[in-house]
Structure formats: structure tokens, C-alpha cells
Amino acid sequence: MSTDNNASDTVETVTVNNKTSGFKVRATSNLAMAIAATLSGYLISATPVQAAVNIPTDSAPSPLCIAGSCATEFTAKMLMFEEFGTKDISSSTSSISTHSSYTTTDCFGNVDGPALDKFLSEDLTSIPSRKSDVDDSGKPTTEHNPWEAKVKSCLPATVSLPSMPLDGRPGGEDFAHQRWSEFPTQVAFQSAQAGARVNGGLRDKRQLHDYKKGEFGPNGLYYMDANGDGIPGTEGIQIKIHPNLPTQKPQSVWTFDGTLPPKLLMAKYGEAILFRHYNALPLDPGSNGGFGKNTITTHEHNGHNPAESDGFAHAYIYPGQFYDYHWPMQLAGYDSINTDKSDARTGAPDGNGGITRVRGDWHETMSTHWFHDHMLDYTAQNVYKGNAAMMNYYSAIDRGREPADAQDVLGRPDLQGVPQKPGYGCHYNNPNNANLCLPSGSNMDWGNRDYDVNLVVADKAWDNTGQLKFNIFNTDGFLGDRATVNWEYKPFLDVRARRYRFRILDGSVSRFFKLALVRERPLTDTICKVASSKIILAPARPVTTITPAEPAKCYEKITYHMIANDGNIMQHAIPFPNAASPDALPEQSIAERFDIVVDFGGMPAGTKLYMVNILEHTTGAGPARYLPLADVLGTKYKNDGVSGDPVVGKILEFRVQNYTGTDFSMNPADYVEGKKQMIPLNRPTQTELKAATQRTFVFGKKAVADTQPWTIATDDGVALNADPHRISAAPTTGATEIWHISGGTGGWSHPVHVHFEEGQILYRGGKAPPIWEKYARKDVYRIGALADTGGSVDVAIRFREFAGTYVEHCHNTQHEDKAMLLRWDLQNPGQTQAINTPMPDWDGVKYDPSTYLSTAKFGDLAAKKKFVLPAGLLP
Amino acid sequence: MKAYRVANYLRTLLLICAMLMFGTTLVWAAPEGSPWGKDYFPNIELVDQDGRKLHFYDDLVKDKVVVIDFIFTHCGDTCPAQTASLTKVYKLLANRMGKDIFFYSISIDPKHDTPKVLKDYAEKFNTGAGWLFLTGKTDDVTLLRQKLGLYRTGVDAAKLNEHKTSFMIGNDATGQWIKRSPFDKPQVLAGLVGRSISRSPDDKKENLADYSESTVIPKLSKGEDLFRSRCESCHSLGTEDGIGPGLLNVTERRDRAWLARWIKTPDKLLAKKDPIAMALFKQYKKVIMPNFRLRDAEVEALLIYMETNGKATQPDDSNK
């Protein structure tokens with residue numbers, strides 16, 4: 001441990017970039033601003049001294065020292081995601097008659113933690129039903145919101161309301177679970193969205209690794225005994241952005257269970273999930289620390305889920321209520337492809353080295369998702385506040401199980417050569433094997449996370465007392481001034497000297513990242529002395545001018561591979577850096593997920609690597625420019641919050657530790673373009689595309705009178721604000737469509753997200769998409785000014801299996817909340833009646849009629865006439 | 001933690017006392033811990049259309065539900081649209097206006113917009129209790145616009161016309177603030193102000209359908225959508241006048257080409273002193289019809305919509 005400290009001290013003194021260690025530079029900059037303000041007097045302070053950056057947005061810097069306790073970078077150990085842990089549904093509803101009550105302690109969201117844990121650890125209190133207002137035998141549901149009396153005492157204006165139901169899902173057929181008996185729930189879990197509290201160990205016994213195996217076991221890197229009582233687990237963890245910063249209050253952070261670590265749902269294909277999400281947020285809407293709305297709806301981002309379980313922005317629940325989300329976990333193409341389950345690659349881990357086959361198209365296999373709040377007008381505030389979790393999908397292809405040994409690689413053949421564990425056999429060894437054998441670990445049949453790490457990167461800001469803050473008035477976007485990974489301020493992560501998979505999610509409100517990965521080397525290393533495009537000297541200067549005495553470092557741009565874009569494994573692994581993106585990964589906007597494989601193999605213990613953000617923002621409207629990596633690592637770029645963006649620079653430190661095992665995981669270099677294929681892209685055919693309905697969506701401003709707030713113009717129509725009643729597009733289930741998404745001029749960038757189905761990019765900026773999108777299935781389509789993005793995206797989307805009310809919106813959630821969102825309904829062939837618009841209230845959900853845009857059914861005919869299909873790529 | 005609970009307990013007691021004192025309305029100033037209270041908002045002095053001096057936070061915002069927008073009275077396009085839209089919302093909330101809900105339209109051109117000018121402007125829009133038109137020092141107002149997120153850096157100072165037309169809806173008691181646009185549906189806005197952000201115990205619920213009743217939904221033509229979002233706040237399709245004339249049979253009463261020009265560029269027709277335009281301008285309290293920068297196709301869609309929907313169904317009515 002002491003050597004570790006010494007090592008990090010060395011880094012502190014020699015690393016020449018943003019060694020602001022926050023506080024000193026902050027102090028100077030504050031002082032400078034104060035002097036300037038004094039000199040210029042009141043009039044000018046009304047229009048404040050123009051800093052080059054407005055970060056944190058319209059707000060003072062977040063202090064790194066509070067009451068003498070200081071947070072410094074790379075001193076907090078990164079938190080690993082904590083599994084929700086699902087229960088078999090039969091056991092989960094077996095004893096529904098006995099359960100403890102679900103109570104809150106007051107109007108202000110101070111939850112009785114142990115009571116909540118007890119409640120959540122028990123079985124579901126009622127059997128989930130297809131409709132929310134009647135059970136599956138047709139008997140009306142009568143359960144009341146258990147907080148009804150409390151609600152009426154805390155909110156006197158609700159006293160006259162007749163009744164308050166417990167189930168907050170809209171009733172009747174419109175929001176009934178689709179294909180309910182066809183996809184019976186197999187596993188269930190419940191959580192409550194609640195104010196920050198100490199982790200009570202609710203999920204300690206629900207981790208697949210059980211804190212016994214591999215790196216999560218007693219001798220592993222990620223073993224956890226947070227309260228030091230000898231019983232492993234997260235019990236005792238408080239919500240702190242750094243161990244030296246104050247604990248967050250229940251009004252400041254709202255998250256799943258109300259606890260850290262951030263939560264992860266591990267799901268298998270073919271195993272339908274029931275998620276009962278309780279709302280345990282403050283009854284008093286003002287007990288929110290200045291931001292956050294106490295009504296919520298939960299969107300599983302890019303899930304192939306029926307609309308009633310998609311988290312529609314206007315199907316939200318009140319405190320005390322729950323909503324049952326039913327996620328069937330079926331592959332797209334279920335109705336039309338591999339319906340006899342004949343394809344051996346299409347399946348899920350069976351728990352014993354085999355594959356449980358499922359229907360559908362294995363080319364549609366998805367891997368890395370997240371779910372988060374989607375409350376109309378308040379998504380930004382609620383997600384920033386903590387209403388976000390990640391979700392890993394496990395399949396035959398992506399099982400989370402690498403080979404333990406050479407026999408596993410072959411599928412453990414018997415004497416006759418017949419594989420006994422075909423699910424373990426690696427595709428790299430035999431193309432008939434499904435398992436790609438991505439880095440993960442091998443102690444369990446599936447879902448090993450020893451070397452498969454979820455990372456959520458996000459910028460945050462806090463007030464002078466250390467409580468999370470947010471500016472609700474600046475709707476151009478909100479930027480925090482502190483980088484966090486998995487909720488910790490610039491943490492470090494111990495890694496073994498072997499291959500890792502990182503599932504990186506941008507969980508910010510408005511911030512885009514462009515992440516580089518560099519290995520730090522002592523200048524004495526030979527590699528530092530040879531001029532190369534892979535080597536960065538910091539500060540940059542000719543190699544010959546460096547004297548041996550100089551305690552400087554050089555940084556090596558190591559090669560790593562992107563294997564999945566937006567959580568979908570691509571046809572080929574894409575090496576980075578590459579000619580099209582020489583310093584870092586591509587721009588990664590809010591909600592985009594990049595899965596990368598990094599090989600730390602061969603690096604001596606003690607080696608440090610850094611994840612470095614080189615994308616500068618000056619405002620929340622969109623990113624400003626890519627910075628040269630050398631400027632960021634050197635002294636040239638000042639990330640001091642005054643002249644430069646404080647979230648530019650190193651955000652995560654990797655510390656390499658010895659690895660004694662043998663790494664049998666797949667080498668992504670074998671899967672680059674021209675070599676083996678991971679998941680071949682199932683491209684739409686010319687015939688499909690020629691028949692496709694086409695639609696245009698223009699994000700941003702249109703005419704002068706429409707400048708504010710954010711709008712979307714559909715199919716050459718009027719630029720419109722969000723209205724949950726209005727159906728702007730109504731594709732038919734089973735169809736393929738082409739959507740033209742454009743806008744993002746004048747410095748604005750918009751990460752456009754289409755719910756339900758991912759698409760394939762036909763053109764970006766009118767040209768063939770870059771290599772990392774060429775083989776990708778995307779669900780976030782960035783439009784904007786910078787090189788990786790451009791002003792337009794044309795995308796082909798297939799709509800299958802389910803129907804109902806979905807949305808499309810800008811995932812800069814401040815733009816989304818200020819009306820850059822539209823509703824589209826997926827309709828069954830021949831459907832004439834549309835889904836009505838749910839209008840939730842404390843006393844239940846009623847419906848308002850919906851309206852259509854005139855173009856909703858057939859789209860933009862003129863655009864279709866004009867559009868030229870790309871020739872080269874398609875079959 | 002314990003101390004915090006005690007504090008909250010005391011607060012609950014206080015709340016109960018407050019409830020006993022004031023009946024069933026929830027009353028407290030910006031909640032404990034909310035950054036959006038008197039420390040955030042500048043307590044600047046403003047003057048209303050009747051010449052009363054008022055402080056922004058203490059007199060106008062504290063404990064109230066407010067809608068705040070920024071206007072200037074000689075603004076051609078956007079301000080009348082803003083004000084007309086709010087007029088609709090005002091009507092829907094009339095029984096609570098001036099009691100717990102207040103509208104404030106604050107001038108960004110104080111030099112021109114004296115209380116007298118603002119009073120004339122208010123009268124054009126038939127505003128009533130609880131809607132104040134305010135002016136103040138330019139720098140103060142600028143600061144306020146910045147604080148409310150309604151200031152566009154760089155552009156604003158020079159061009160009044162480029163000002164943000166959005167408005168803020170706020171409830172000081174709960175510390176909730178949200179930005180909306182004048183192009184939102186008045187019913188939606190009224191629901192937001194009167195229900196989502198500030199429920200009142202004597203609110204009557206609108207007639208929403210039970211889930212058992214489902215209806216075939218109407219299709220919105222481009223023209224109807226334009227009419228609803230751009231025209232409806234001033235015009236009905238019947239005989240009833242709003243801020244502008246009722247438009248029953250307007251496509252028959254007026255020459256089509258003229259009507260198209262009037263819809264597309266009302267400012268130009270007025271500048272050229274077109275006689276019909278001038279007459280309308282005078283008749284309707286000199287409220288300028290906004291130029292919404294509509295394209296020809298959009299004007300055409302509006303005309304078609306008015307032709308098909310703005311006709312009397314009874315033959316008798318068309319003679320009126």
C-alpha cells in the first residue's frame with residue numbers, strides 16, 4: 001500500500017498536465033474573477049466576466065476541499081457495479097400473503113432504510129397481471145397506494161381525491177402487457193427509487209459471484225467488505241463522490257435502492273424479466289435539493305420491449321406506487337427467423353456449459369444496455385440525480401464466459417471428440433462455435449465480470465457543502481465540472497496484466513466525451529526515445545532535448561479494439577487509434593455505449609494507464625472541438641475551468657497488477673476487417689429499402705419565430721414542441737423504414753435516440769459511415785458540427801414483434817426536456833385505433849385522446865423520391 | 001443524520017401548524033435546501049402598469065405560483081404571440097389568477113415601455129387580475145433574464161427581436177421551475193401551471209376518458225397543426241372575436257391571394273399601408289399580427305384548413 005502511495009506521489013510531481021489537483025488553481029481563478037469583478041463594478045458583474053468556458057453551467061466551481069477534507073484525483077477506488085440479482089418468479093410469488101409494509105418516514109424522502117431493505121428482499125406483494133386494473137382472472141385490482149394517508153397529510157391539496165391505486169401503470173388494453181402468456185415471466189426483481197442512504201447489504205447475497213469466486217473472491221482485485229465486518233458485500237457504503245467528500249443527502253441523490261454502487265441487471269436471452277419499480281421518492285415535490293421530479297418512468301434503453309414496458313414519458317408513477325415492466329428478452333426476428341430454434345448459435349447460457357436455444361435472429365443479439373428515468377420534462381434532472389442503471393444481456397454469442405483452459409476452448413470434447421460443454425467452445429477456434437469468448441472470467445457458467453467491467457462516465461457538480469447540484473434554468477444544456485466514473489471522482493482501477501472488456505456508457509446530461517487510452521512510461525524507456533506517432537512527450541518537445549535527469553514521463557498510445565457500438569457487437573473489431581480517429585475513440589455522446597477490449601498483457605505490475613478525455617465543451621449546447629492528445633497531456637491545454645474545460649484530461653487511472661493465469665479470451669486483432677467476423681451485419685436488402693417508408697426529422701431551429709425552445713420538424717412539417725398526445729409517425733409492425741435525421745447547425749449537437757429498435761447507418765453526412773459505424777447497429781444517432789458526427793444521418797430500421805407508443809428524442813436531456821421529443825406509435829397492420837394518451841395522477845391514470853400528424857402513416861414522399869440508396873454495401 | 005431527522009420532524013410540525021393556520025394549502029417559502037429562493041433571485045425593483053413599485057422576489061415570487069415572460073410592446077412578431085398564448089392560459093386558470101397564480105410580463109425595453117405604455121398594451125389583450133406588466137432598470141432586467149435562463153448571450157443586447165420567447169413557470173413554495181414555449185397548447189400549459197406544479201384542493205378535474213372508453217383518434221392535417229399552434233391563441237374559426245377577428249368564412253370574405261399575403265407577411269402589408277390591413281389593425285386595438293415566417297406551402301395548408309373547417313355548417317350562419 002505504501003509503495004502504491006509513493007508511486008502516485010511520483011505521478012503527482014512529474015505528470016505535467018492538469019496537475020491542478022483542483023484546489024490551487026480554483027483558488028487563483030476565483031481570486032482572479034473576484035478581482036475582475038471588483039474592478040469592473042456592479043454593472044459588469046451583471047454580465048459576468050467572460051470565461052472561455054461556462055462550466056459548471058451558470059454556477060460556481062465544485063470545491064474539491066470541504067471543511068479541510070480534500071479529494072484528489074486517482075485516490076478513490078473505483079466502485080464495481082452491483083447486481084440487482086433476479087429471483088425465479090415461482091419462488092418470488094410463492095408467499096405473497098406475508099410481507100412487511102412499505103412505508104416512508106416523512107414527507108421529505110427520508111426513507112427508513114432497514115424497513116425498505118426488508119420489504120425489497122421479500123417476494124412481490126401481488127402477482128403481476130396483464131392489465132393493471134384487473135388481475136389475470138378478471139377480478140378488479142383494489143390495492144391502494146400504501147402511502148395514501150401520508151400523501152394526503154403531506155399534500156393537503158390531494159385530500160379530496162377519491163382513491164389512490166398502488167399500481168401506476170395505465171389500465172385497460174392500451175397499456176396491457178403484450179404477448180403476456182406467450183412470454184411468461186421467469187425471473188423477477190424489485191427495487192425502489194429512493195433518496196440516498198447507507199447501503200444496508202440488501203444485495204450482498206444476490207451477486208452471481210457471491211464474493212467467493214475469481215476477482216470478486218477473497219483474494220481477488222474486486223473483493224468487497226465495505227464495513228469490514230468480515231462478511232463480504234457492499235453493506236456500509238455511503239453515497240460519496242469521493243471518500244473525502246461529504247455524504248449525499250436523501251434529497252440530493254435519488255437512485256435504485258437509494259444506494260451505491262450503481263446497479264447492474266444481468267439478463268439472459270429467452271428469460272422474460274419482470275421488474276417491479278417502486279417510487280419511494282419524497283412526497284413533497286420541493287424536497288429535491290433544487291432539482292429532480294418525484295414522478296418517474298423507466299426506459300430500458302434499446303430493449304426490444306413492448307411499448308407499455310418501454311417507459312413512455314407520459315406513463316409515470318407517483319411516490320408509493322409501482323410499475324411492472326415486462327421485458328420479454330427475445331431477439332428481434334422472433335416471429336419470422338429461426339422460428340424452429342434450429343440455429344445452434346441462437347440461444348442463451350443454460351447454466352451447465354450448454355446453450356438453451358431461442359427463436360429469432362442471432363444477428364440481432366444485443367449486449368450492453370442501460371435503463372433510466374424518462375419522465376416528461378425532467379429526464380435530465382432525474383438521471384443526473386441517479387436514476388440510471390446498466391444492464392448486460394447474455395447470449396450464446398456473448399456469454400460472459402471465457403475458457404478456463406485449452407479444453408474449454410474446444411468445448412471440452414469427450415474421447416470421441418464430441419463437445420460436452422459446447423457453450424464454452426470458442427468461435428475463434430471453430431467458426432461453428434457460438435461463444436466469442438470475450439474477456440470475462442471463467443469461474444461461472446455465464447456472467448463472469450472479473451475482466452468485463454461496466455463503466456459509466458459522467459460529469460457532476462456540487463455546491464459548497466458537497467451536495468450534488470444542477471442548474472435547472474439554463475436549458476441549452478448542463479455541464480458539470482468534475483469527471484466521475486461509476487459515481488466516483490476520478491477513481492483508479494486495479495487491473496490484471498491481461499485482456500479486459502470495458503463497457504463504457506456516457507451517462508451525462510449534456511457532455512460528449514472523446515476518450516483516449518494511454519500508457520504512462522518513464523522517460524528512460526527506450527520507446528520514449530524513438531520519434532513515433534504513438535509516443536507523446538509531455539510537454540511536447542524534441543526527444544533530443546530531454547535530459548536523463550528530467551523526471552518527465554512519456555505516454556504511449558496503446559492499441560485497443562472497439563467490439564460493440566451502442567452495446568451491439570459489430571461484424572468486425574475496430575482497432576483504435578486508427579487513421580480516421582488518430583488519438584482516441586470516436587465522439588461518444590450521451591447514452592452511447594462503446595465496448596472496448598484492452599490488452600494489459602505483458603505490462604509489468606505497477607504500470608499505469610489513463611483514460612483521457614480530449615473533447616472540449618465550452619457550453620452545454622454541444623461539444624466545441626477535439627483537442628490534440630499531446631496538448632491535453634502536456635501543459636498547453638489549461639483545464640482550469642476558466643480558460644479550459646475541467647473535464648478534459650485524465651479521468652480514470654488503471655493500475656496494472658500481476659496476472660498468473662493464462663488468458664484464453666479472444667484476441668480482437670483476429671476479428672478486424674478482412675479477418676474473422678463476430679456478428680455479421682444483417683443488412684437490409686435493396687428490395688426492403690426500396691419498399692421502405694421514409695421519414696425526415698429535423699432537430700433544432702427552423703424559422704425565426706421558432707428559435708426557442710428545442711423543436712423537431714417531421715416530414716417537412718411544422719417545427720413542433722413535445723406533446724405526448726401527438727403521434728408524429730406511425731410505422732407498421734413488420735416494416736423496414738428509412739429515417740433521415742438532420743439538424744445540429746450553429747454549434748448545437750444532438751444525440752438523437754430512437755426507442756425500441758436499433759438501426760443501421762446508410763449515410764453519415766451524406767457519405768459512407770466511418771469504419772466504427774460501418775458494421776454497427778446503433779440506437780443513438782449523433783448530429784452536430786464535429787468531424788465524427790456531421791449534420792445528418794440516414795438510417796434503416798426494421799420494426800418487429802411489438803407495437804404501441806414509443807418516442808424519439810434528443811439525448812442531450814436538457815434539450816429533450818425542453819421539447820425536443822416526439823411520440824411515434826408502432827401499429828399492427830390494419831390497426832385503426834391509436835393508443836390513447838395516458839394522463840397519470842395520484843388517483844389513477846385516465847386517458848386523453850391522441851392526435852396524428854397527417855404524415856404519420858406514409859412519411860415524407862418527397863424525401864423518398866429524392867433519396868438514393870447506397871449501392872456498395874447492400875445485398 | 002439524526003439531527004437532520006429532528007430538523008425534518010420540526011419542519012413537519014411547522015407544516016402542520018401552517019396548515020392549521022392557512023387551511024389546506026401547502027405554504028412555505030422555497031423549501032429548505034432549495035437553491036432557488038431569495039439567495040438565487042435578484043430582489044430587483046420593478047414597476048407595474050399601475051406605477052406600483054415591487055420587489056421581484058419579496059413581492060412577486062415568494063410563496064406564489066408564477067409565469068414569467070419577457071416582452072417589449074413594439075415587438076412585431078413574437079411578443080403578441082407570446083402574450084396571446086398566455087391570454088388563453090389565463091382564461092383557463094381565471095378562478096385562481098391573482099390568488100395563488102400570477103403572470104408577469106417584464107419589458108426588456110424599459111426606455112420605451114413606461115408603465116403607461118404597458119397599461120395600454122395590457123388593455124389590448126384584455127388581461128385581468130393577477131397579470132402584471134412590469135418594467136425596471138435595463139441591467140436589473142438583464143440580470144433577471146440570465147438568472148431565469150431566458151437570456152441569449154451575445155445576441156440579446158443588440159437585438160430586441162432575438163430575445164427568448166419562452167417563459168418560466170415556477171412554484172416558489174416547492175422550488176420547482178420549468179421552461180415552456182408560447183407554442184405549447186394552452187390546455188397543456190394550464191395543466192402544468194395549475195396542476196402539475198401547483199395543485200389546488202378545489203381543482204375540478206377535466207373530463208378525461210376512462211380507459212374503457214377508447215375513441216378513433218383525429219388526424220391532424222398540417223394546416224390544423226399550424227392553426228392550433230400559431231393562430232388559435234388570437235383567432236377562433238367561428239364568429240367570436242379573440243385578440244383578432246373570428247375567422248368564420250374568412251376564405252370567402254377575403255380575396256384568396258390577399259389573404260395568403262396577409263398571413264405570410266402581415267408586417268409588410270402594414271408597412272405598405274394596405275387599406276384592409278390598416279383597418280383590421282385599428283379595429284383590433286393595434287395588436288400586430290405576427291409574421292411567423294411561414295413558407296408558401298404552409299400558408300396554403302392553412303388556407304385549405306380554413307376553407308374546409310372555417311365554414312358554417314348551417315346555411316343561415318353564412319349570411320351573418
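**Group meeting: a walk through the predicted complex**

Let me start with a small detail in chain B: leaving out residues up to four places away in sequence, G98(B) touches A129(B) and G130(B). In sequence G98(B) and A129(B) are 31 residues apart, yet their C-alpha atoms lie 5.4 Å from each other in space. As for where this glycine sits, G98(B) belongs to the loop of chain B that runs between α3 (78–92) and β4 (101–107). Is G98(B) buried or exposed? Neither label fits, because G98(B) has 14 C-beta neighbours inside 10 Å and therefore counts as partly exposed.

I should say before going further that this is a predicted model, and that the predictor gives the complex an ipTM of 0.83 and a pTM of 0.88. For chain B the average pLDDT is 79, with 76% of the residues scoring at least 70. Where in chain B should we read with care? Over residues 1–29 of chain B the pLDDT stays under 50, and the model has 30 contacts beyond four places in sequence for that stretch. The pLDDT also stays under 50 over residues 314–320 of chain B, for which there are 4 contacts beyond four places in sequence.

Turning to chain B as a whole, we have 13 helices and 8 strands, and of its 320 residues 42% count as buried. If you take the contacts in chain B between residues at least 6 apart in sequence, 68% of them join residues at least 24 apart.

One helix pair in chain B deserves a closer look. Helix α7 of chain B, residues 222–231, and helix α12 of chain B, residues 296–309, pack with their axes 7 Å apart and at an angle of about 90°, which means that α7(B) is roughly perpendicular to α12(B). By class, the contact of α7(B) with α12(B) has 6 nonpolar, 1 polar and 3 charged residues. If you want to find them on the screen, the α7(B) side consists of K222(B), G223(B), E224(B), L226(B) and F227(B), and these meet E298(B), A301(B), L302(B), I304(B) and Y305(B) in α12(B).

Now to the nonpolar core. In soluble globular proteins, nonpolar side chains tend to be buried together. Here the largest nonpolar core has 298 residues, and I563(A) and V612(A) are those with the most contacts inside it. Which residues does V612(A) contact, once its neighbours within four places in sequence are left aside? They are L515(A), A516(A), V518(A), L629(A), V632(A), L633(A), G649(A) and K650(A).

Finally, some backbone details in chain A. A cis peptide bond joins I55(A) and P56(A), with omega about -5°, and P56(A) is in the loop of chain A between α2 (23–46) and β1 (65–66). L260(A) and P261(A) are also joined by a cis peptide bond, with omega about 0°, and P261(A) lies in the chain A loop between β6 (254–256) and β7 (263–268).

Two residues of chain A other than glycine have a positive phi: for Y211(A) phi is near 55°, and for N302(A) phi is about 75°. Y211(A) is placed in the loop between β5 (187–195) and β6 of chain A, whereas N302(A) is in the loop between β9 (298–300) and β10 (322–327) of chain A. Y211(A) counts as partly exposed because 19 other C-beta atoms lie within 10 Å, while N302(A), with 28 other C-beta atoms within 10 Å, is buried.

Definitions and conventions:
Residues are numbered from 1 along each chain as its sequence is written. Chains are lettered from A and ligands numbered from 1 in the order in which they are written. This is a predicted model: local features need pLDDT of at least 70, side-chain atom pairs count only at pLDDT 80 or more; totals for chains, interfaces and linings use all residues. pLDDT is the predictor's confidence in each residue, from 0 to 100. Two residues are in contact if their C-beta atoms, placed from the backbone, lie within 7 Å. A nonpolar core is a set of buried Ala, Val, Leu, Ile, Met, Phe, Trp, Tyr and Cys residues joined through C-beta atoms within 7 Å. A residue is buried if 20 or more other C-beta atoms lie within 10 Å of its own, exposed if 12 or fewer, and partly exposed in between; C-beta atoms are placed from the backbone. Axes are lines fitted to C-alpha atoms, for helices over the stretch in contact, and angles run from 0 to 180 degrees between N-to-C directions. Helices (H or I, at least four residues) and strands (E, at least two) are DSSP runs, numbered from the N terminus. Angles under 35 degrees count as roughly parallel, over 145 as roughly antiparallel, 65 to 115 as roughly perpendicular and the rest as oblique. Ala, Val, Leu, Ile, Met, Phe, Trp, Tyr, Cys and Pro count as nonpolar, Asp, Glu, Lys and Arg as charged, and the others, Gly among them, as polar.
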